[in-house]
Amino acid sequence: EDPVTEHIVADLALAEAGRNQIRLAEQEMPGLMALRAEMGDAKPLAGARIAGSLHMTVQTAVLIETLTALGADVRWASCNIFSTQDEAAAAIVVGDGTYSSPAGVPVFAIKGETIPEYWEYTDRILTWEGHDGPTIILDDGGDATVLVHEGVRFEALGEVPAPLEEEDPDYNLEVESMRAVIRRSMEKDPTRFTRMAAGIVGVSEETTTGVHRLEIMHRKGELLFPAINVNDSVTKSKFDNKYGIRHSLPDGINRATDVLIGGKVAFVCGYGDVGKGAAEALRGQGARVVVSEVDPICALQAAMDGYEVARVEDYVDRADFFITTTGNKDILRVEHMAAMKDKAVVGNVGHFDNEIDMAGLARSGAKLTPIKPQVDEWVFPDGRSIIVLSEGRLLNLGNATGHPSFVMSASFTNQVIAQVELWTNLAAYPLGVHRLPKEHDEKVARLHLDALGVRLTELTESQADYIGVPQQGPFKPEHYRY
Ligand code: NAI
C-alpha cells in the first residue's frame with residue numbers, strides 16, 4: 001500500500017524545508033495556535049469533510065493543520081495558479097504525525113500549474129472516496145463554490161456543457177476549463193454535483209470578490225447552501241486586506257523588478273481596503289502616489305489622506321507603477337498600456353486577472369519577452385515596453401509569498417471559527433450570506449494582543465453602564481465602521 005497521501009505537488013523532497021517554515025510560521029500565528037489549544041481535545045470538526053480552495057502557502061499550511069487538529073478531514077487546492085509555495089504543499093502532504101494523520105493531507109497545487117490543471121485540482125478537492133463530496137467548503141474567491149453551483153445547474157438542465165470554440169470571440173480558457181470538468185463529471189455520473197451539493201452544509205468565504213459572487217448568487221435565488229462571509233469580519237478585511245497588502249505589495253514589486261520605488265510616481269486604482277494598504281506602502285517607499293476611485297466617499301478619503309485623486313487617463317504617460325486593487329474588470333486597458341512610459345511596471349492585487357486586459361495586450365501586436373518566472377516585458381511596435389507582473393494575477397502571491405503570518409493568523413482564525421460554526425451551530429446560519437457575530441471578531445483580535453505586548457484597558461462597570469455596552473464587549477454596534 002502506498003504510504004504517501006494522494007497528491008499532485010511539485011516535489012515531495014521539499015517537505016522538510018516546508019516543515020521548517022511552517023514551524024516558524026506557527027510562532028507568528030497565535031490565533032490559530034490558541035484555537036488548537038482551546039478545541040484540540042473537543043475536536044468540534046470531527047466528521048467534517050472540508051474542501052479548501054485557498055492559496056497553498058506556508059500560512060495556509062498552519063490553517064490546514066489547525067482544521068485537522070480540530071478533527072476535520074481535509075483536501076486542498078490553491079485558488080490561484082501562481083500562489084502555491086511548493087515546499088508548503090509538500091510538507092502538508094507528508095505531514096509530521098503530530099497534528100494530522102501521519103500520512104498528511106491530500107494537496108493538489110503546483111506553483112505555475114496551467115488553467116485546465118487548476119480546475120482539475122479544484123475538482124479533486126471535491127472528490128471523496130466513499131462519499132458524494134465534502135460537507136463544508138472553505139473558499140477564496142468562490143471558484144470551488146461556483147464549480148459546484150455550475151455543476152448542479154448543468155445537471156438540472158440535463159445538458160452536458162459543449163466545448164467552447166477557441167475561435168469564438170467570447171472564448172475564455174477559465175470558463176472552458178471549468179466546463180470541461182463538469183463535462184467529464186456528467187459523462188461518468190450525471191447527478192454527482194447534485195448529490196454533492198445536497199451534502200454540503202455551507203461555505204466560508206475568504207475574500208471580497210468571493211463574497212460579491214455569493215451575494216449575486218443569493219440575490220438571484222441560486223445559492224444552494226449558507227455562506228459565512230469571513231472577509232467582512234473586521235479582523236479580516238481591515239487587517240489582511242490593508243496591512244497585509246502594505247507588506248506584500250512592495251515585497252512582490254521588489255522581488256520582481258528591483259526598480260527603486262522612491263521618487264517615482266505610483267498610480268493605485270481603487271481606494272478600498274486593499275487600495276489603502278497599497279497606497280500607504282508605496283508612499284512609505286517615497287513614491288508620489290496618485291489614486292483613482294469611482295466611489296466619491298473613497299475618493300474623498302484618499303484626498304484627505306493626502307493623495308492626489310485622478311483618472312488613469314490623466315497619468316497614463318507619467319506614472320512609473322500602475323497597481324490595480326479594485327476587484328473590478330477592465331481597469332487597465334490596452335489603450336492605456338500602449339500609452340504608458342517606457343518600462344512602466346504594471347501589476348494587480350485584486351482577486352482576478354481581468355483588472356488588466358491581458359487578452360487585449362496579447363492581441364495588440366505587443367511582443368512578449370519573458371524576463372523570469374512571473375515577470376514579462378511586453379514590447380510595443382514603437383519599441384517602448386512595459387513590465388507586467390504575474391500575467392496580471394495577484395502579484396503579491398505570484399511574485400512574493402503573500403501576506404505575512406501574523407496578519408493571516410487573524411484572517412484564518414476567523415476561517416476556523418466560521419468552519420466550526422457551520423459544523424456545530426448551523427441553525428444560526430439559514431440560507432444566505434452571513435457575517436460572524438461580533439463576539440467572535442473581538443475574540444480574534446484579543447488572541448493577537450499578547451504577542452504584540454498590547455495592554456488593553458478594561459472598562460469599569462460604571463463606565464460600561466455609562467456608554468451602554470457590556471463590560472466584556474461587544475464594544476461597538478453592528479453599524480460601527482472602525
Ligand atoms: P473594496 O470594495 O474595499 O475596494 C475596492 C475599491 O475599488 C472600491 O472602493 C471601489 O469603489 C473601487 N473601484 C471599483 N471600480 C473601480 C474603477 N473602475 N476605478 C477605480 N476604482 C474602482 O475591496 P477590497 O477589500 O479592497 O478588495 C479589492 C480586491 O482585492 C478584491 O478582488 C479582493 O478579493 C482582493 N484582495 C486581494 C488580496 C491580496 O492578497 N492580493 C487580499 C484581500 C483582498
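A crossover counts as right-handed if, with the strands pointing away from the viewer, the path from the first strand over the helix to the second runs clockwise. The model used in these exercises is predicted.

**Exercise 1. Trace the chain through strands 8, 9 and 10, and give the handedness of each crossover.**

Step 1. Start with strand 8, residues 265-269. Strand 8 pairs with strand 9 in the parallel sense, over five bridges. One register point is Ala266, whose bridge partner in strand 9 is Val289.

Step 2. Add the helix. Strand 8, helix 11 and strand 9 form a β-α-β unit, and the unit is right-handed.

Step 3. Move on to strand 10, residues 308-309. Strand 9 and strand 10 run parallel and are joined by two bridges. Here Val291 stands opposite Val309.

Step 4. Follow the connection. From strand 9 the chain passes through helix 12 (residues 296-304) to strand 10. This β-α-β crossover is right-handed.

**Exercise 2. Is strand 9 largely enclosed or largely open?**

Step 1. Set the cut-off: buried means under 20% relative accessible area.

Step 2. Apply it to residues 288-292. Four of the five residues are buried, so strand 9 is largely enclosed by the rest of the structure.

**Exercise 3. Find the order and the edges of the eight-stranded sheet.**

Step 1. Read the order: 1-4-3-2-5-6-7-16. The sheet is open and its pairing is parallel.

Step 2. Find the edges. Strand 1 (7-8) and strand 16 (433-434) each pair on one side only, which makes them the edge strands.

Step 3. Check one inner pair. Strand 2 (residues 49-53) and strand 3 (residues 73-77) run parallel, with five bridges between them. Ala51 stands opposite Arg75 in strand 3.

**Exercise 4. Describe the shell around the ligand and its polar contacts.**

Step 1. Count the shell. The ligand is surrounded by 26 residues. Thr207, Thr208, Thr209, Val274 and Glu293 are the closest.

Step 2. Sort by class. Seven residues are nonpolar, 15 polar and four charged.

Step 3. Assign helices. Helix 9 (208-219), helix 10 (234-257) and helix 11 (273-284) each supply at least two shell residues. Helix 10 gives the most, with three.

Step 4. List polar contacts, using the 3.5 Å cut-off between N or O atoms.

- Thr208: a side-chain N or O atom lies 2.7 Å from a ligand oxygen.
- Val349: a backbone N or O atom lies 2.9 Å from a ligand nitrogen.
- Asn396: a side-chain N or O atom lies 2.9 Å from a ligand oxygen.

Step 5. Gauge the cover. On its own the ligand has 860 Å² of accessible area, and the protein covers 85% of that.

Conventions. Residues numbered from 1 in each chain as written. Predicted model: local features only at pLDDT ≥ 70, side-chain atom pairs only at ≥ 80, totals over all residues. Heavy atoms only, no water. Near = heavy atom within 4 Å. Polar contact = N/O pair within 3.5 Å; in protein donor to acceptor, adjacent residues only side chain to side chain. Areas by Shrake-Rupley, 256 points an atom, 1.4 Å probe, with all protein chains shown as cover. Nonpolar A, V, L, I, M, F, W, Y, C, P; charged D, E, K, R; others polar. Buried < 20%, exposed > 50% of the residue type's maximum accessible area, 1.4 Å probe, protein only. Pairing = 2+ DSSP bridges.
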